[in-house]
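Here is my note for your review, point by point. Please read it with the structure open.

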Amino acid sequence: MEDIAAAAGTSVGAFYYHFKCKEDLIYIWANKLDEEYYWYYQEKINDPSPGNAMDLLRGLCELSLDVYCNWGSEFASVTYSYMMRAPEVCDRMTNGNRLYYLVLSDIVKKGQEEGSIRRDIPIERIIRTVTMAVRGAIIDWCIHGGTESIKKRSSAFFKIYLDGVRPQKNTN
């Protein structure tokens, strides 16, 4: 706590006045992330030529990576560490009513309606695997020190993954 308070330029007492525990920081951060995802989505769907839902999905994945990169690998490591050891943190962060999941759901639903995302995979499964892919890319980046560009490190992976949820062309 001393390190967090010092980095924020405040005392530990002042920190605890505003936050009951470290987990509160994670929740506030998640809300800020959700707002970024929401505004990204709003900007894209209000764009006269937003592209298809697959473009939106790829963009949301890249935004997730950018945000974590900006906050740093240490913050990402702490966040995921809390999620792994505190069930209440994990439950809150993975709650399907979080704005992040609602945005993902809208994108996937739009993609299935327009035919840019496979219809034979349930929306919930696509959301779960997209989230797993983003988390995996972030954790891999953290494991390797967070020094290389996370987008560069993950671009081939996301291309392969997202091609898997794209409808397959009939070759017959």
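**Notes on the salt bridges and the overall fold**

1. Start with E114. The model is predicted, and in it E114 is partly exposed, with a relative accessible area of 37%. Its salt-bridge partner is K110, with the closest N and O atoms 3.1 Å apart. K110 also counts as partly exposed, at 25% relative accessibility. Both residues sit in helix α7, four residues apart, so about one helical turn separates them.

2. Now D34 and R98. These two form a salt bridge, and their closest N and O atoms lie 2.7 Å apart. D34 belongs to helix α3, residues 22-45. R98 is in the loop between α6 (87-93) and α7 (99-114). The pair therefore ties together parts that are 64 residues apart in sequence.

3. Are the two ends of that bridge buried or exposed? D34 has a relative accessibility of 5%, so this residue counts as buried. R98 is buried as well, with a relative accessible area of 14%. The cut-off that matters here is under 20%.

4. A further bridge joins D163 and R166. Here the closest N and O atoms are 3.4 Å apart. D163 is partly exposed, with a relative accessible area of 29%. R166 counts as partly exposed too, at 29% relative accessibility.

5. How many salt bridges does the rule give? The count comes to four. Those discussed above are among them: D34 with R98, E114 with K110, and D163 with R166.

6. On secondary structure: the protein chain has nine helices and zero strands. Read from the N terminus, the order of elements is α-α-α-α-α-α-α-α-α.

7. On dimensions: the C-alpha trace spans about 65 × 30 × 30 Å along its principal axes. The chain has 172 residues, and 39% of them count as buried. D34 is one of the residues that count as buried.

8. On contacts: take those with a separation of 6 or more. Residues 24 or more positions apart account for 64% of them. The link from D34 to R98 spans 64 residues in sequence.

9. On surface and charge: the accessible surface of the protein chain comes to about 10100 Å². Carbon and sulfur atoms hold 53% of that area. The chain carries 21 positive and 23 negative charges. The mean positions of the two sets are 5 Å apart.

Key. Residues are numbered from 1 along each chain as its sequence is written. This is a predicted model: local features need pLDDT of at least 70, side-chain atom pairs count only at pLDDT 80 or more; totals for chains, interfaces and linings use all residues. Side-chain values use heavy atoms; hydrogens and water are left out. A salt bridge is a side-chain nitrogen of Lys or Arg within 4 Å of a carboxyl oxygen of Asp or Glu. Helices (H or I, at least four residues) and strands (E, at least two) are DSSP runs, numbered from the N terminus. Buried means under 20% relative accessible area, exposed over 50%, partly exposed in between (1.4 Å probe, protein chains only). Contact means heavy atoms within 4.5 Å. Accessible areas come from the Shrake-Rupley method with a 1.4 Å probe; for residues, only the protein chains shown count as cover. Lys and Arg count as positive and Asp and Glu as negative; His and the chain ends are not counted. The place of a charge is taken as NZ of Lys, CZ of Arg, CG of Asp or CD of Glu.
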